[in-house]
Amino acid sequence: MPQTPPFTGQLNTSGYNKNLYQTKEEGYPGLFYHDNNLVSGSLEALIHHLLPTVDYYPDRTYIFTFLLSSRLFIHPYELMSKVCHLCMEQQRLGDPQADKLRVRKIAPKIVQLLTEWTETFPYDFRDERMMRSLKELTHRLASGDEVYRKAVSQMSQGLIRRLTVLSQYEEALVKINATAAERLTALKAKPQASIQRDMLSICNDPFTVAQQLTHIELERLSYIGPEEFVQAFVRKDPLDNDKSCFSDHKKASNLEAYVEWFNRLSYLVATEICMPVKKKHRARVIEFFIDVARECFNIGNFNSLMAIISGMNMSPVSRLKKTWSKVKTAKFDILEHQMDPSSNFYNYRTALRGATQRSITANSSREKIVIPFFSLLIKDIYFLNEGCANRLQNGHINFEKFWELAKQVSEFMTWKKVECPFEKDRKILQYLLTAPAFNEDALYLASYESEGPENNMEKDRWKSLRSTLLSRV
């Protein structure tokens with residue numbers, strides 16, 4: 001029976017032919033359909049619907065949707081344990097007398113399901129309990145035919161490789177953040193020595209800087225697991241007497257790291273504008289970042305674009321009226337219009353649709369780039385989650401809601417897989433990631449030092465900031 005309103009952007013999984021086992025199934029009791037689409041079901045029925053049989057393999061959109069959303073109701077390690085138990089029980093994988101022909105038919109399907117799980121949700125397997133169940137089930141499968149042993153080995157190696165790369169990335173982030181903190185401390189200790197390098201002295205070509213920003217965006221996007229969107233909004237399931245499914249420990253924090261990058265870029269832009277002593281230099285920095293933002297828009301990098309606009313709209317920057325009077329703002333006005341929040345970001349959403357369409361029909365990797373304004377994407381998913389109940393009144397899981405959730409996350413999964421086509425410039429990347437970025441108080445102080453306070457309230461604040469910030473030096 002049809003299981004899903006299909007959505008584009010599904011995930012590629014290497015190995016077995018995806019369409020080899022698509023067959024109709026009689027249906028497990030407890031699943032409810034409308035117009036041939038699965039709309040609700042008990043957790044038990046949905047788990048059974050996930051399991052392959054000799055003549056059935058679940059639709060791939062169902063696998064993605066269920067593995068994404070099931071964690072709101074059951075820990076991934078508990079789900080893996082159930083899958084392991086049911087596979088061995090139903091298919092008699094633990095029985096040495098089991099029909100070899102039957103095992104030969106079912107084993108490739110179970111390996112395929114496990115491969116899809118390990119490729120799409122690898123961070124689940126940072127939990128030792130997950131790995132135990134996986135090893136137990138794959139050991140049973142691999143004890144048979146040499147073909148399955150090879151497939152299980154490839155799957156395990158791929159999983160270990162993904163988890164190793166994630167650990168290396170997390171270690172690199174810690175080092176980058178530590179370097180950025182050290183440089184900021186050094187700048188505060190010797191503010192006058194900081195007639196420091198600025199962005200323009202590192203690179204004065206807006207297109208090149210936009211390309212390097214796109215490198216950072218795509219790298220950080222690539223590490224965000226689809227489940228992180230769900231765990232960001234997870235609450236205790238009212239039918240679950242235990243604690244929330246994520247309260248024991250999270251497997252990854254790449255979504256938070258990405259949001260922190262957006263904030264860093266905004267504050268870095270504001271810092272670069274407020275630091276120069278001369279008004280003419282500040283105006284030049286503003287115009288430079290306007291050009292960088294425009295190049296980001298042309299590339300399809302909406303997240304860096306919005307971070308730059310946010311930095312320019314911070315109060316310590318916007319109050320520099322004498323500086324802004326020297327800036328040609330026509331291009332900035334156009335960019336602000338594109339990212340105007342009115343009508344629920346209508347202009348931006350139109351531009352995003354255009355970039356998405358360009359990506360679908362792209363002939364080059366550059367045309368495939370779509371980097372959404374990430375905070376808005378999270379907000380959209382949040383409101384989808386808040387607007388619909390997870391369960392219906394009869395206690396069944398509201399699967400219609402999770403089809404829609406999976407559709408949004410699946411589109412993101414397509415965007416995050418794009419490889420950056422631009423050449424890396426290590427010097428620019430290092431600067432963008434580690435150059436000192438002031439907090440709001442330090443920005444206000446730099447702003448008042450650049451253009452003095454205009455009223456008593458600003459004068460009082462300036463005095464207060466000077467006494468608190470400069471006394472720490």
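**Exercise 1.** Which residues of the largest nonpolar core touch the most other members?

*Solution.* The structure is a predicted model. Step one: the largest nonpolar core contains 147 residues. Step two: within this core, the most other members are touched by Met199, Phe229, Met312 and Phe374. Step three: for Met312, set aside the neighbours within four places in sequence; the residues in contact with Met312 are then Val269, Ile273, Ile286, Phe289, Ile290, Val317, Ser318, Trp324 and Phe332.

**Exercise 2.** Determine whether Arg391 is buried or exposed, and locate a polar partner of its side chain.

*Solution.* Step one: Arg391 belongs to the loop that runs between helix 17 (374-387) and strand 3 (397-398). Step two: the relative accessibility of Arg391 is 19%. Buried means under 20%, so Arg391 counts as buried. Step three: a polar atom of the Arg391 side chain lies 2.8 Å from the backbone oxygen of Gly395.

**Exercise 3.** Describe the second largest cavity by its volume, its lining and the helices that contribute to the lining.

*Solution.* Step one: there are 3 cavities of 30 Å³ or more in the structure, and the volume of the second largest is about 40 Å³. Step two: the lining of this cavity consists of Leu72, Phe229, Val230, Phe233, Asn385, Phe402 and Leu405. Step three: at least two lining residues come from each of helix 9 (227-231) and helix 18 (399-416). Step four: by class, the lining has 6 nonpolar residues, 1 polar residue and no charged residue. Step five: Phe229, listed in this lining, is also one of the core residues that touch the most other members.

Notes: Residues numbered from 1 in each chain as written. Predicted model: local features only at pLDDT ≥ 70, side-chain atom pairs only at ≥ 80, totals over all residues. Heavy atoms only, no water. Core = buried A, V, L, I, M, F, W, Y, C linked by side-chain atoms within 4.5 Å. Buried < 20%, exposed > 50% of the residue type's maximum accessible area, 1.4 Å probe, protein only. Contact = heavy atoms within 4.5 Å. Helix = DSSP H or I, 4+ residues; strand = E, 2+ residues; numbered from the N terminus. Polar contact = N/O pair within 3.5 Å; in protein donor to acceptor, adjacent residues only side chain to side chain. 1 Å grid on protein atoms, 1.4 Å probe; cavity = no way out; pocket = protein on both sides within 12 Å on 5 of 7 lines; lining within 4 Å. Points joined across faces, edges and corners; volume = space filled by probe spheres on them. Nonpolar A, V, L, I, M, F, W, Y, C, P; charged D, E, K, R; others polar.
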